[in-house]
Amino acid sequence: ADERWLDRFLDDGYLERDVMRRIGAGGGFCAFHAGRMASIGQSTTVALIYLSLIEGCLPRLAARQDRRSRPAPLFPSSESCAVCAHQRDVERRECFFLALLIRARGLRCYGAPAFVCMRHLPPLLGYLDGRSIGDC
């Protein structure tokens, strides 16, 4: 899902002002997705994206110089990366729809043996009721 998001963003998504404002407000991309973008994007496109992000950082840098208290962070965490947020949303939706399928048709429709990775097990169990979990 993150590859599709990056492909769409690098194709023409970076031209949408509201998208770039949200990304700039979040501080840019996490290190992983910044590296992915640099490896799959055209150098000119990546340069335009970062010029826009740098332009948004200049007021924050100036504000940091004026502060005497603890400065606001300049670099993003994975919670503020737009690609990470999209990936988490896709995974949440997939767990939701898998839970609907299990509740409607039982665990047998999922596969034999039925495996869910540990990362996705808690969100999946959050969508299942006690009866559905007991059937597992």
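This briefing covers the cores, helix H5, the salt bridges and a few single residues of the structure above. The model is predicted. Its largest nonpolar core has 18 residues, and a second, separate core has six. The salt bridges come to seven. One of them, Arg 36 to Glu 3, links distant parts of the chain.

**Nonpolar cores**

- In soluble globular proteins, nonpolar side chains tend to be buried together.
- The largest core here counts 18 residues. Trp 5, Phe 9, Ile 23, Phe 29, Met 37 and Ile 49 have the most contacts inside it.
- Five helices each give two or more residues to this core: H1, H2 (17-26), H3, H4 and H5.
- H1 supplies the largest share, with four residues.
- Ile 23 shows how the parts meet. Beyond four places in sequence, Ile 23 touches Trp 5, Phe 9, Gly 28, Phe 29, Leu 53 and Ala 82.
- The second core is separate and holds six residues. Cys 95, Leu 98, Ala 99 and Leu 124 are among them.

**Helix H5**

- H5 spans residues 82-105. The helix has 24 residues and reaches 35 Å from its first C-alpha to its last. That is close to the 34 Å expected at 1.5 Å a residue.
- Its buried residues are Val 83, Cys 84, Gln 87, Val 90, Glu 91, Cys 95, Leu 98, Ala 99 and Ile 102. Gln 87 and Glu 91 are on that list beside the nonpolar side chains.
- Cover for these buried residues includes H1, H3 and H6 (121-127).
- Cys 95, Leu 98 and Ala 99 of this buried set also belong to the second core.
- Gly 106 comes just after H5 and takes a positive phi of about 90°.

**Salt bridges**

- Side chains of opposite charge can pair when their charged atoms come close. The count for this model is seven salt bridges.
- Arg 36 and Glu 3 meet at 2.5 Å, N to O. Arg 36 sits in H3 (residues 31-40) and Glu 3 in H1 (residues 2-11), with their positions 33 residues apart in the chain.
- Both ends of this pair keep some accessible surface. Arg 36 is partly exposed at 24% relative accessible area. Glu 3 is partly exposed at 31%.
- Asp 89 pairs with Arg 93, with closest N and O atoms 2.5 Å apart. The two lie in H5, four residues apart, about one turn of the helix.
- Asp 89 has 30% relative accessibility, so this residue counts as partly exposed. Arg 93, at 34%, is partly exposed too.
- A network also forms: salt bridges with shared partners join Arg 8, Asp 12 and Glu 16.
- Within that trio, Asp 12 bridges to Arg 8, with the closest N and O atoms 2.7 Å apart. Asp 12 is partly exposed at 33%, and Arg 8 is partly exposed at 43%.

**Tyr 14 and Thr 45**

- Tyr 14 lies in the loop between H1 and H2. Buried or exposed? Tyr 14 counts as buried because its relative accessibility is 17%, and the limit for buried is under 20%.
- Leaving out neighbours within four places, Tyr 14 contacts Phe 9, Met 20, Thr 45, Leu 48 and Ile 49. Phe 9 and Ile 49 are also among the residues with the most contacts inside the largest core.
- The C-alpha atoms of Tyr 14 and Ser 52 are 9.4 Å apart. Along the chain, these two residues are 38 residues apart.
- Thr 45 is a residue of H4. At 9% relative accessible area, Thr 45 is buried.
- Which residues touch Thr 45, leaving aside neighbours within four places? Leu 10 and Tyr 14 do.

**Surface patch**

- Ile 54, Leu 58 and Leu 61 form a nonpolar patch on the surface. Together they have about 260 Å² of accessible area.
- Leu 61 belongs to H4 (residues 43-66). Leu 61 is partly exposed, at 36% relative accessible area. A patch residue needs over 30%, so Leu 61 meets that cut-off.

How values were computed. Residues numbered from 1 in each chain as written. Predicted model: local features only at pLDDT ≥ 70, side-chain atom pairs only at ≥ 80, totals over all residues. Heavy atoms only, no water. Patch = residues over 30% accessible without salt bridge, like charges linked within 9 Å, V, L, I, M, F, W, Y side chains within 5 Å. Areas by Shrake-Rupley, 256 points an atom, 1.4 Å probe, with all protein chains shown as cover. Salt bridge = Lys/Arg side-chain N within 4 Å of Asp/Glu carboxyl O. Buried < 20%, exposed > 50% of the residue type's maximum accessible area, 1.4 Å probe, protein only. Contact = heavy atoms within 4.5 Å. Core = buried A, V, L, I, M, F, W, Y, C linked by side-chain atoms within 4.5 Å. Expected span 1.5 Å × (residues − 1).
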